[in-house]
Amino acid sequence: MLKERVWTAVLLAPLVLAGLFLSSLEVFKLFLAAIVLLGAWEWANLSSLSVFAVRFAYISLVAALIAALNYYSPDAVFDGFLLVAVAFWGLAAFWVVRYPSINGWQKGWQRALIGVLVLTSTWMALVSLRHLPDGGVLLLMLLLLVWGADIGAYFAGKRWGRAKLAPSVSPGKTRAGLWGGLASCALISLCFVFYLELDLLSGVYLLLTAMIAGLASVLGDLFESMLKRHRGIKDSSRLLPGHGGILDRIDSITAAAPVFVVGVQLLSIS
């Protein structure tokens, strides 16, 4: 399993980095849409849509929404949609905390509808971020925050993890891991505060935005774990050997991206 994980990462990392940072904005949109549509195929399974024709119709719907948003895409539409996405993640936090005693997401059509919102808002958030004057830097910051939260949580949890964070959803996550991930986010954000040469007030605001995005990344992971537990599967798919599926790789970003982008837009550092 470890060998598969390493080889998959080695082969895919250059492609992903090139698609995110070395492409034009239009190519970036297409590259990102391809990832999101693969995620939509997996989300259809999380929504108990197992018939091929139905799953194909589901990803076609997500593709049509992305195409429409790309064609019209006034800033007001993007901003309003992202605010709705941020509000949704507040509701998702409530569901995760109360799992399994809360209703509102268990039915297949409910999970499918949630997937449309989550996946399209992820595409919108990352496109909006890349479109900013300092978009490449901010995109890198977002990715490092998500990776840092995950890596910091792993090592802190391994060293000090005792109390479980959400045992009914993801027994492996600990409260110490959460604090370790947030500490990593704080260090990463401080580096970008100095790089962007922000004043004290803006720097503090970016730090707080980064910490909230770090929390959101953990929530995204927990929310997908909850859906998989409800569906009775371990991975969203077997597309990436040793890594599971696309959703298993981007679940943290789906929550962190809208939160981070809304925070950056309010800060107006670009």
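# Notebook: cavity, pocket, helix H8 and odd backbone spots

**Entry 1. The cavity.** I searched the whole structure for enclosed space and found one cavity of 30 Å³ or more. The model is a predicted one, so I treat every value here as computed. The largest cavity holds about 40 Å³ of space. I listed its lining: Trp43, Trp89, Gly220, Phe223, Glu224, Leu247, Asp251 and Thr254. Two helices, H8 and H9 (246-267), each put at least two residues into this lining. I then sorted the lining residues by character and got four nonpolar, two polar and two charged.

**Entry 2. The second largest pocket.** Next I turned to open space. The second largest pocket has a volume of about 320 Å³. I counted 16 lining residues, and Ala93, Val97, Leu215, Leu219 and Leu222 lie nearest the centre. Which elements supply at least two residues each to this lining? They are helix H4 (75-98), strand S1 (164-166) and helix H8 (200-231). H8 gives the most, with six residues. The lining of this pocket splits into 15 nonpolar residues, one polar and no charged.

**Entry 3. Helix H8.** H8 turned up in the lining of the cavity and in that of the pocket, so I looked at the helix itself. H8 has 32 residues. From first C-alpha to last it reaches 47 Å, close to the 46 Å expected at 1.5 Å a residue. I checked the ends. At the N-terminal end the cap is Asp199, with a side-chain oxygen 3.2 Å from the backbone nitrogen of Leu201. After the helix comes Gly232, with a positive phi near 80°.

**Entry 4. The whole chain.** I stepped back to the overall layout. The protein chain has nine helices and two strands. In sequence order the pattern reads α-α-α-α-α-α-β-β-α-α-α. The chain has 270 residues, and 49% of them count as buried. I also looked at contacts with a separation of 6 or more. Of these, 75% join residues 24 or more positions apart.

**Entry 5. Thr174.** I picked a residue in one of the strands. Thr174 is found in S2 (residues 170-174). Is Thr174 buried or exposed? Its relative accessible area is 9%, and because the cut-off for buried is under 20%, Thr174 counts as buried. I followed the side chain of Thr174 and found that it reaches the backbone nitrogen of Gly177 at 3.0 Å. I then left aside the neighbours within four places in sequence. The contacts of Thr174 are Gly157, Gly161, Arg162, Ala163, Lys164 and Leu165.

**Entry 6. Unusual backbone.** I went looking for exceptions to a common pattern. Most residues other than glycine have a negative phi, and most peptide bonds are trans.

- The peptide bond between Tyr99 and Pro100 is cis, with omega about 5°. Pro100 is found in the loop between H4 and helix H5 (108-131).
- Ser48 has a positive phi, near 65°, and is not a glycine. I placed Ser48 in the loop between helix H2 (25-46) and helix H3 (52-72). With a relative accessibility of 38%, Ser48 counts as partly exposed.
- Glu197 also has a positive phi without being a glycine, here near 55°. I found Glu197 in the loop between helix H7 (175-195) and H8. Glu197 is exposed, at 71% relative accessible area.

**Entry 7. Ser237.** My last stop was the loop between H8 and H9, where Ser237 has its place. Which residue, 195 residues away along the chain, has its C-alpha atom 6.5 Å from that of Ser237? I found Glu42. Glu42 is also among the contacts of Ser237 once neighbours within four places are left aside. The others are Gly244, Gly245, Ile246 and Asp248.

Key. Residues are numbered from 1 along each chain as its sequence is written. This is a predicted model: local features need pLDDT of at least 70, side-chain atom pairs count only at pLDDT 80 or more; totals for chains, interfaces and linings use all residues. Side-chain values use heavy atoms; hydrogens and water are left out. On a 1 Å grid over the protein atoms alone, a cavity is a set of points where a 1.4 Å probe fits but cannot get out, and a pocket is an open set with protein on both sides within 12 Å along at least five of seven lines; lining residues have an atom within 4 Å of a point. Grid points are joined across faces, edges and corners, and a volume is the space filled by probe spheres set on the points. Helices (H or I, at least four residues) and strands (E, at least two) are DSSP runs, numbered from the N terminus. Ala, Val, Leu, Ile, Met, Phe, Trp, Tyr, Cys and Pro count as nonpolar, Asp, Glu, Lys and Arg as charged, and the others, Gly among them, as polar. The expected span of a helix is 1.5 Å times one less than its number of residues. A polar contact is a pair of N or O atoms within 3.5 Å; within protein, one must be able to donate a hydrogen and the other to accept it, and residues adjacent in sequence count only if both atoms are side-chain atoms. Buried means under 20% relative accessible area, exposed over 50%, partly exposed in between (1.4 Å probe, protein chains only). Contact means heavy atoms within 4.5 Å.
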